[in-house]
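Please look through the model below with a few questions in mind. Each answer works towards the name or value that was asked for.

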Amino acid sequence: MLPITTFLFPSCPDLLLEEITCEGQTLFLKVRSSKKAVACSLCEKVAVKVHSRYTRTLADLSLLEYAVVLRVQVRRFFCSNPTCARTTFAEPFADLAVAHARRTSRQASRLSAIAKELGGRPAARESKNVQMPVSVHTLLRLLRRSPVPDAPPPRVLGVDDWSIRKGQTYGTILVDLQRHRIVELLPDREAETLEAWLAAHPGVELISRDRAGAYAQGARKGAPQAQQVTDRFHLLLNLRDALKRLFERKHEVLQEEADQHHEFLTSSEEVDTPDKAAPIPAPLTPTALQQQARRARRLSRYEAVMHLHQQGASQVAIAALVGLNRDTVRRYLTASGFPEISRPGKRSHLDPYKDYLQQRWAEGERKVKRLLVELRERGYRQGETIVYEYLRTLRQQPEGVSASEMRKNAAVRSATQTALSAREAAWLFVCNPQKLRIAQAVRLDHLRVTHEDLGLAYQLAQDFRVMVTKRQVHVLGRWLEKAKASDIKELQSLATGIYRDFDAVRAALATEYSNGQTEGKVNKLKCIKRQMYGRANFDLLRQRMLLCG
Ligand SMILES: [Zn+2]
């Protein structure tokens, strides 16, 4: 059978267990060393003569449901070396705890593992649950001291910035893109800092970075041998920024689009309200909104077709510019006016129950499950989704308004439309159009169809997006020429920037590596930063990120 000391202290073969006592939820283990002789901590000469004894208390790993405290009998020895500066010394118990520590090494490493996973306060709560209660401060101190594992030098490095304090100070995150590990956090985003790190860590063969000049410069000087690769996601961000500047310059276009949208919604309500007898239109359901949006999109295409036709464009050219097939173009041109799609007045199965739902809602019932049961009792036999959707429209109403007021509000709200911000409009241009909601697509179409230069900007933006996401390196030269020739100064300057960084951008379209991972790590960093409740000073955050990877 395994002796109990070997079982309890596998790494301390010389320890003797003398006594176990229990007080409340704590076990006290009285232990001492079985060694007869101990080497002096200064001169290392073996000493045998005991000067005195005292007890050292160490918190240890908990056992079963008990907290465990070691009462270690420590001997103080006379040094046997007459020339030694130390007359007496205490035996060290290095296998158990570091000098002057109040806990065993194994408890310290368990606690810092908890702190690594959970961060400050949650870890402190967890430490109580596992019978090793410590304060947040202690945990953070332990975390700061835990050794960071050695890692082989990275060959493929992702570099990105992250905000230490939002919008004020920035740091740099370095990720080993092959091993999927964080390699280092640097306290700023200066070229010199990256350069110094790269110089101290040779062997990097490929550096994926954004287009910020500082990283390019730092990488060039610190690792001249490495292939630099512009990060593809950042290329799209560069495009977004260029478009944002374009829309800032042409901000009146955005207001005009909003006004048009407003007119459309208010006028179409007069025509489209299904129940003319009702003085106030019912709140628009998401389906109705989608129908409206689809109609608006068709209408704006129709108008674009007519406009181009008046300017003398051929049917083929119109079809290509507006993105319709030629039959549709021909049909539009031969029709006497905008061809409405007539649908039978589509009514929701929920319509007969809406008054009841509004009434219950006004009474304060908010439990969807409960309302569903009540609807079922009243004969509603259809799906739950439309009920959820309808309740969501009710939820968006301010509290304490009557049903009729709610209807009025809904009508007013659907008819007003705030102008897109330059940033929002830029995103609409960069996005994959298939991922847009219909309402967004309507607004996008209005912008690109009614303004020739925006139409061109849109075409260039989409070509760029496809080129970057599909890594069409052979298209790059042609795209740059088109942008240069476009007369859109924001896109011209994007092209100039890319020419300046041409090798790295071309490499971005030719290699598989992407900083997507680095972005992921930045998100993890943000998450950990939030968990640390503002205690996250740089060292600590760095420690936790390197430990967690
Ligand atoms: Zn000595």
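Q: Which residues does Phe429 touch, not counting residues up to four places away in sequence?
A: This is a predicted model, in which local features need pLDDT of at least 70 and side-chain atom pairs count only at pLDDT 80 or more, while totals for chains, interfaces and linings use all residues. Residues are numbered from 1 along each chain as its sequence is written, and side-chain values use heavy atoms, with hydrogens and water left out. With contact taken as heavy atoms within 4.5 Å, Phe429 touches Leu243, Phe247, Leu444, Leu447, Arg448, Leu454, Ala457, Tyr458, Ala461 and Gln462.

Q: Which helix gives the largest share of the largest nonpolar core?
A: A nonpolar core is a set of buried Ala, Val, Leu, Ile, Met, Phe, Trp, Tyr and Cys residues joined through side-chain atoms within 4.5 Å, where buried means under 20% relative accessible area with a 1.4 Å probe, counting protein chains only. The largest such core has 58 residues, of which Leu243, Phe247, Phe429, Leu447, Phe464 and Leu491 touch the most other members. Its largest share, eight residues, comes from helix H18 (residues 452–469), helices being DSSP runs of H or I with at least four residues and strands runs of E with at least two, numbered from the N terminus.

Q: What arrangement do the four donor atoms make around the zinc ion?
A: Donors are N, O and S atoms within 2.8 Å of the metal (3.2 Å for Na, K and Ca), and sites may look incomplete because water is not among the atoms. Here the protein donors are the SG atoms of Cys40, Cys43, Cys79 and Cys84, lying 2.3 to 2.4 Å from the zinc ion. Four donors count as tetrahedral if all angles lie between 85 and 135 degrees; the angles here are 97 to 118°, so the arrangement is tetrahedral.

Q: How many residues apart are Cys40 and Cys84?
A: Cys40 lies in the loop between strand E3 (38–39) and strand E4 (46–47), whereas Cys84 lies in the loop between strand E6 (66–78) and strand E7 (88–90). Both Cys40 and Cys84 are buried. The pair links distant parts of the chain, 44 residues apart.

Q: Is Gln107 buried or exposed?
A: Gln107 lies in helix H2 (residues 105–118), and its side chain makes a polar contact (a pair of N or O atoms within 3.5 Å, one able to donate a hydrogen and the other to accept it) with the side chain of Arg103 at 2.9 Å. Because its relative accessibility is 3%, Gln107 counts as buried.

Methods. Four donors count as tetrahedral if all angles lie between 85 and 135 degrees; four count as square planar and six as octahedral if opposite donors are over 155 degrees apart and all others between 65 and 115; anything else is irregular. Buried means under 20% relative accessible area, exposed over 50%, partly exposed in between (1.4 Å probe, protein chains only).
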